[in-house]
Amino acid sequence: MALVGLYVAQAIPIYLVAAALPPILRARGADLSLIGGLGVLMLPWVIKPL
């Protein structure tokens, strides 16, 4: 049960960066190049398995 909780806790920030943050920023008038650059924030999760 503890491992399930840890996986859920790890998935919440990933979801916020990948799915929720771009539409929120676009609704607030953020530039598309800024929103496209958010992929850099995903870099720690991409590198982690290496």
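Visitor: What makes Met1, Val4, Val8, Ile12, Tyr15 and Leu16 a nonpolar patch on the surface?

Guide: In this predicted model, Met1, Val4, Val8, Ile12, Tyr15 and Leu16 together offer about 680 Å² of accessible area. To belong to such a patch, a residue needs over 30% relative accessible area and no salt bridge, and nonpolar side chains are joined within 5 Å. An α-helix has 3.6 residues a turn, so residues three or four places apart point the same way.

Visitor: Why is valine 8 called partly exposed?

Guide: Valine 8 lies in helix α1 and has a relative accessibility of 47%. Buried means under 20% and exposed means over 50%, with partly exposed in between, so valine 8 counts as partly exposed.

Visitor: What makes leucine 16 and alanine 19 partly exposed?

Guide: Leucine 16, which is also found in helix α1, has 44% relative accessibility and therefore counts as partly exposed. Alanine 19 belongs to helix α1 as well, and because its relative accessibility is 37%, alanine 19 counts as partly exposed too. As for their distances to other parts of the chain, the C-alpha atoms of leucine 16 and leucine 34 are separated by 16 Å, with their positions 18 residues apart along the chain, while alanine 19 and leucine 43 are 15 Å apart, C-alpha to C-alpha, and 24 residues apart in sequence.

Visitor: How do you know that the length of helix α1 agrees with its number of residues?

Guide: Helix α1 covers residues 2–27, which is 26 residues, and at 1.5 Å a residue it should span 38 Å. Its end C-alpha atoms are 37 Å apart, so the two values agree.

Visitor: Where does α1 bend, and which proline follows?

Guide: The bend, of about 50°, is at alanine 20, and proline 22 follows within four residues. Alanine 20 and proline 22 are also buried residues of α1, as is Val17, and the buried residues of this helix pack against α2 (32–36) and α3 (43–47). Just after α1, glycine 29 takes a positive phi of about 90°.

Visitor: Why is glycine 36 called exposed rather than buried?

Guide: Glycine 36, found in helix α2, has a relative accessible area of 56%. Exposed means over 50%, so glycine 36 is exposed. The C-alpha atoms of glycine 36 and proline 22 are separated by 8.3 Å, although the two residues are 14 residues apart along the chain.

How values were computed. Residues are numbered from 1 along each chain as its sequence is written. This is a predicted model: local features need pLDDT of at least 70, side-chain atom pairs count only at pLDDT 80 or more; totals for chains, interfaces and linings use all residues. Side-chain values use heavy atoms; hydrogens and water are left out. Helices (H or I, at least four residues) and strands (E, at least two) are DSSP runs, numbered from the N terminus. The expected span of a helix is 1.5 Å times one less than its number of residues. The bend at a residue is the angle between axes fitted to the seven residues ending there and the seven starting there. Buried means under 20% relative accessible area, exposed over 50%, partly exposed in between (1.4 Å probe, protein chains only). Contact means heavy atoms within 4.5 Å. Patches are made of residues with over 30% relative accessible area and no salt bridge: like charges are joined within 9 Å, nonpolar side chains (Val, Leu, Ile, Met, Phe, Trp, Tyr) within 5 Å. Accessible areas come from the Shrake-Rupley method with a 1.4 Å probe; for residues, only the protein chains shown count as cover. A salt bridge is a side-chain nitrogen of Lys or Arg within 4 Å of a carboxyl oxygen of Asp or Glu.
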